[in-house]
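Me: I want to learn how to read pockets, cores and buried side chains in a model. Where do we start?

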Amino acid sequence: MTEGRAAGAGTGGDGGPGMLGRMRIAAAQLTCAPADVPANARWLAALAARARAEGAALVVFPELALTGYETEALRLREELWVRPDDPRLDPVRASGVATVVNCATVTEDGRPAIGTLVFGRDGELITTYRKQHLFAHESDVFVAGTEDGAFTLDGVRFSLATCFDNHFPALVARGAAAGCRVHLASALYGTGDGIGELTTLYPRLAEEHGLHVLVANHVGPAGPWTGCGRSAVYAPDGTLLAEADAVSPMIVTADIG
């Protein structure tokens, strides 16, 4: 495991209306063990521990980080779906840092959702979110969400989205209008065209909506794709504050505020 860190300028202190106090956040990228929830939970916990050691208050993981993008396995194997109290998540909940974990979550529909579970430093569940805009064949496997996701940590309001969600600017705009100051995206962008999408969409969202934007992406094999890495944090003017490389499981951190 390697690591990276870059800090953006911040105001510090409590700030005024619309301002952030200084906070360090982390984007984590990894190569998942296919359809192996316990192994990936341990991997996430190790990355979360590294983020905590780097002074981060919060770490965000890629889309379907507990299984990899193994949609056929997720369609057939209910044991790969998780609930917030799933004991397999104990290593992540015990990491001592707030975590944003995207995975296949149990629903009342008989199919999983591409869900985000947000845990506080104490391991308690803060909120959940379900991906609203399913990409292509995902609708054959997963249930779409219907509500926006947001939470507050240390006085800072965060909005949540998953990969294709971020291609619908109205979702991000609603978060900004509701007082969110940081937008968090769990994603899977592959090599090839995905690189251009990843590196142009997220700075544009930051600039257009006046938000800090963090995107956590896969690196290496992810189901039928090869994740292109480059997890990143952007300032509200679109400036790149931190970026991971294209080949390594790692974290990057940035100070926001």
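Reply: Start with the pocket lining, and keep in mind that this model is predicted. Sort the lining residues by character. For the largest pocket the split is seven nonpolar, four polar and five charged.

Me: How much space lies in the largest pocket?

Reply: About 310 Å³. The lining counts 16 residues, and Phe135, Cys163, Leu188, Tyr189 and Glu197 are the closest to the centre.

Me: Which helix gives the most to that lining?

Reply: Helix α5, residues 193–209, with three residues.

Me: Now the cores. Which residues have the most contacts inside the largest nonpolar core?

Reply: Look for the hubs of the set. Here the core has 38 residues, and the hubs are Leu44, Val59, Phe61, Leu66 and Phe142. Elements giving two or more residues are β2 (23–29), α1 (37–53), α2 (71–76), β4 (98–105) and β5 (113–119). The largest share, six residues, comes from α1.

Me: What is Phe142 in contact with, beyond its neighbours within four places in sequence?

Reply: Leu64, Thr71, Leu74, Ala104, Arg111, Pro112, Ala113, Ile114 and Leu134. There is also a second, separate core of 30 residues, with Val182, Leu241, Ala242 and Ala244 among them.

Me: Last, a charged side chain. Is Arg93 buried or exposed?

Reply: Check relative accessibility against the cut-off. Arg93 counts as buried because its value is 13%, and buried means under 20%. Arg93 sits in helix α3, residues 90–93.

Me: Which backbone oxygen lies 2.7 Å from a polar atom of the Arg93 side chain?

Reply: That of Asp86. Leaving out residues up to four places away in sequence, Arg93 also touches others, including Pro84, Asp85, Phe119, Arg121 and Asp122.

Technical notes. Residues numbered from 1 in each chain as written. Predicted model: local features only at pLDDT ≥ 70, side-chain atom pairs only at ≥ 80, totals over all residues. Heavy atoms only, no water. Core = buried A, V, L, I, M, F, W, Y, C linked by side-chain atoms within 4.5 Å. Buried < 20%, exposed > 50% of the residue type's maximum accessible area, 1.4 Å probe, protein only. Helix = DSSP H or I, 4+ residues; strand = E, 2+ residues; numbered from the N terminus. Contact = heavy atoms within 4.5 Å. 1 Å grid on protein atoms, 1.4 Å probe; cavity = no way out; pocket = protein on both sides within 12 Å on 5 of 7 lines; lining within 4 Å. Points joined across faces, edges and corners; volume = space filled by probe spheres on them. Nonpolar A, V, L, I, M, F, W, Y, C, P; charged D, E, K, R; others polar. Polar contact = N/O pair within 3.5 Å; in protein donor to acceptor, adjacent residues only side chain to side chain.
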